[in-house]
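Ready to work through a structure by hand? Below are some exercises, each followed by a solution that goes step by step.

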Amino acid sequence: MKLLLLLLSRLVAGTKNRGAKSTGFQKSEDALCFALEMHLRGVVFDAVTYTTVLAFCLDHEGFLFGLQLHSLIVKFGLDNEVFVGNALITMYSRWWHLGEARRVFDEMQNKDLVSWNAMLSGYTQEGNYGLEAIRAFIEMVRQGIRLDHVSFTSAISACGHEGNLGVGKQIHGLSLKMGYGNHVSVANVLMSTYSKCDVASDAKLVFDRMHDRNVISWTTMISLSEEDAVSLFCQMRLDGVYPNEVTFIGLLHAISIKKFVKEGRTIHGFCIKTNFVSELNVCNSLVTMYAKFESMQESKKVFEELNYKEIISWNALISGYAQNGLPQVAFHTFFLAIKESKPNQYTFGSVLSAIGAAEDISLKHGQRCHSHIIKYGLDTDPIVCAALLDMYAKRGSISESQRVFDETSERREIAWTAIISAYARHGDYESVMIWFKKMENEGIRPDSITFLSILTGCGRKGMVDMGRQLFDSMVKDYQIEASPEHYSCMVDMLGRAGRLEEAEELVSQIPGGPVLSVLQSLLGACRIHGNVEMGERVANVLLEMEPKESGSYVLMSNLYAEKGDWEKVAKIRKGMREKGVKKEVGFSWVDVDIDGLHGFSSGDQSHPKSKEIFRMAECLGSEMKYLREKKREGQINGNVILYRTEILENLNMGD
DNA sequence: CCGGAACGCC
């Protein structure tokens, strides 16, 4: 109570410049209790006091307090004060009540630039209001409201969220004209916007032209240039700019993606020296980094040294185990995590991908996970739904996948992509086509992954013209850049259909030239159709690109072998020997319940039971041949397994 | 006393 009175006297004294922090409150609860106490003692607030207290309502559970403050403000007729209105707009938009924010804004009689900017930035927050933000900015221009650097920062940021490069460029132009283009926060947001709109070169240009770069400018640049992140970090230090927590998160992320192991350890050391390891978020990034370096021991070590673990830390560890082929550990960690923290969509995304990848985790566990998802109310989350659907598809339960999809209320792109990939994974291209049609009918925009599934489907179904049309439409109408996988798929499709010239032409049109796999697809197609002339042409390019790649030699030698040109076959083999190219040995892994994992390579006789294994393989081979003949003759329709049992009995090999 | 810019767990 003593403290209360002290603070009361300080506030009532009405001294200038008492910022929110200087009132001594740490939490919005305290601030509101204090404010209510003042009110009870008959102290009438002034606008400045309300504004100060409203600022506390932006964090934690402050929204309800804010609502009460709003009614007090109205009661005392202070809602016409511009500062108070501005604070209310900010509060409502932070709590996602954009409608209420707008109502306050519309009812304000005296709006100033800050009111407009507060409304603009409310719409700019990530969400579905990007268009509103752009509209509000245009309205400002139309009404001749004065614009400043904050207006430009928000408006350009909205274009970034919307991916609207056209409007972004126009606002950039306007900012230059009005002399705000070089303002540090405008330039910073321009960089991130250009990078979001896939014009990284323009982002770099903005950065290069800046004269005053602050820590945010450097952090932005580091985060969007993975390859040069480390050298940019060094330049930043030379420039005398001190990094912060966010800088390290971006830097460590780039290092993780690029697997710069040495640099990663150095930066870890730097974080220890500068005590950035006391920042939870930096440590979370370190957990992810070591996981990406495939060193789960170190990842776990960083994790265990945390004195406080939040769900992001757990997620980083779980996905690390999942990505490093330790799904059981991932699954086990998941159960520890949900004991200590409240899981979010990423937690389930990671654990579901682990279950999907693990043949030896019972599907029951997947279902158990599913029930947790429902328990935590995450069953409508698009990320979780897609992961769940994918998990069932990977574990062979396509009907469950379909059910998850049917029950997904908010069917965003990601769910459609997942169900179409699920059918593609199962080789059910009939369904791929059906669901793609449905997706189109619903007006959902297919993405790059969806196109890959559908193009593969067209290839397998021999629907070459349709595939070609879709590919062209993807690039032209949907403006999706064709990836090497898309090109491989197209070349494979055209090649299977014998349209080799068309395939070769497509390859020649690839911007920046084809990658290895695309050319190998083309060479494979040449082999199927016995086109030696084109095959040689393709092989020459391939051997120039990667002289040590054995696959190219093998494909070419197979092509000659099929034509019976044994001389050329021998020449290629000789060439391989001379260049020291070795064919990498392919391994097959067999997991036997009782005695673990066995690896086999072609011609390998090292296994103690190899004699029996080869005998069995031979039997299975002749059995397959027999079955194929029967099937061709139409003698089998349906249950091959039953039929197989019958044959085995006849062959007297019932084991 | 009010408005803006960078990042991580899918």
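**Exercise 1. Is Phe-63 buried or exposed, and what about its ring partner?**

Start with the accessibility of Phe-63: its relative accessible area is 16%. Buried means under 20%, so Phe-63 is buried. Keep in mind that this is a predicted model.

Next, look for the partner. Phe-63 forms an aromatic pair with Trp-95. The centres are 5.7 Å apart and the planes make an angle of 40°, so the pair lands in the tilted class, which sits between the 30 and 60 degree limits.

Now check Trp-95 itself. Its relative accessibility is 25%, so Trp-95 counts as partly exposed.

Last step: place both rings on the chain. Phe-63 is in helix H4 (residues 63-75), while Trp-95 is in the loop between helix H5 (82-94) and helix H6 (98-107). The two are 32 residues apart, and the pair links distant parts of the chain.

**Exercise 2. Describe the pair formed by Phe-303 and Trp-314.**

Two values do the job here, because a pair of aromatic rings is described by the distance of the centres and the angle of the planes. For Phe-303 and Trp-314 those are 4.9 Å and 70°. Planes over 60 degrees apart count as edge-to-face, and that's the label this pair gets.

Then find the helices. Phe-303 belongs to helix H18 (residues 296-304) and Trp-314 to helix H19 (residues 311-323), so the pair ties together parts that are 11 residues apart in sequence. Both residues are buried.

To round this off, the structure holds 25 aromatic pairs. Ring pairs also link Phe-233, Tyr-242, Phe-248, Phe-270 and Phe-276 into a cluster.

**Exercise 3. Work out what surrounds DNA strand B.**

First, count the neighbours: 41 residues surround DNA strand B, and the closest are Phe-83, Asn-86, Asn-117, Ser-185 and Asn-281. Of the strand's atoms that come within 4 Å of the protein, sugar and phosphate account for 50%.

Second, sort the residues by class. The surface near DNA strand B has 12 nonpolar, 25 polar and 4 charged residues.

Third, go through some side chains. An N or O atom in the side chain of Asp-148 is 2.4 Å from a base nitrogen of DNA strand B. For Asn-214, the distance to a base nitrogen of the strand is 3.2 Å. Gln-323 goes to the backbone part instead: a side-chain N or O atom there is 3.4 Å from a phosphate oxygen of DNA strand B.

**Exercise 4. What does Ser-115 touch?**

Begin with where it is: Ser-115 is in helix H7 (residues 113-124). Its relative accessibility is 0%, so Ser-115 counts as buried.

Then list the contacts. Setting aside residues up to four places away in sequence, Ser-115 touches Val-82, Asn-86, Ile-89, Phe-105 and Met-108. One of these deserves a second look: a polar contact of 2.7 Å joins the side chains of Ser-115 and Asn-86. You met Asn-86 earlier, among the residues closest to DNA strand B.

**Exercise 5. Which residues do Ile-156 and His-172 touch?**

Take Ile-156 to begin with. This residue is in helix H9 (residues 149-162), and its relative accessible area of 0% makes it buried. Beyond its neighbours within four places in sequence, Ile-156 is in contact with Ile-171, Val-186, Val-189, Leu-190 and Thr-193.

Now His-172, in helix H10 (residues 165-177). With a relative accessible area of 15%, His-172 is buried. Leaving out residues up to four places away, His-172 touches Leu-190 and Tyr-194. Compare the lists and you'll find Leu-190 in both.

**Exercise 6. Where do Asp-198 and Glu-294 lie?**

Asp-198 lies in the loop between helix H11 (184-196) and helix H12 (200-209). At 71% relative accessibility, Asp-198 counts as exposed. Its phi is near 65°, a positive value in a residue other than glycine.

Glu-294 is in the loop between helix H17 (280-292) and H18. Its relative accessible area is 55%, so Glu-294 is exposed. Glu-294 isn't a glycine either, yet its phi is positive, about 60°.

How values were computed:
Residues are numbered from 1 along each chain as its sequence is written. Chains are lettered from A and ligands numbered from 1 in the order in which they are written. This is a predicted model: local features need pLDDT of at least 70, side-chain atom pairs count only at pLDDT 80 or more; totals for chains, interfaces and linings use all residues. Side-chain values use heavy atoms; hydrogens and water are left out. A residue is near a molecule or strand if one of its heavy atoms lies within 4 Å of it. A polar contact is a pair of N or O atoms within 3.5 Å; within protein, one must be able to donate a hydrogen and the other to accept it, and residues adjacent in sequence count only if both atoms are side-chain atoms. Ala, Val, Leu, Ile, Met, Phe, Trp, Tyr, Cys and Pro count as nonpolar, Asp, Glu, Lys and Arg as charged, and the others, Gly among them, as polar. Rings of Phe, Tyr and Trp (its six-membered ring) pair if their centres lie within 6.5 Å; planes under 30 degrees apart count as stacked, over 60 as edge-to-face and the rest as tilted. Helices (H or I, at least four residues) and strands (E, at least two) are DSSP runs, numbered from the N terminus. Buried means under 20% relative accessible area, exposed over 50%, partly exposed in between (1.4 Å probe, protein chains only). Contact means heavy atoms within 4.5 Å.
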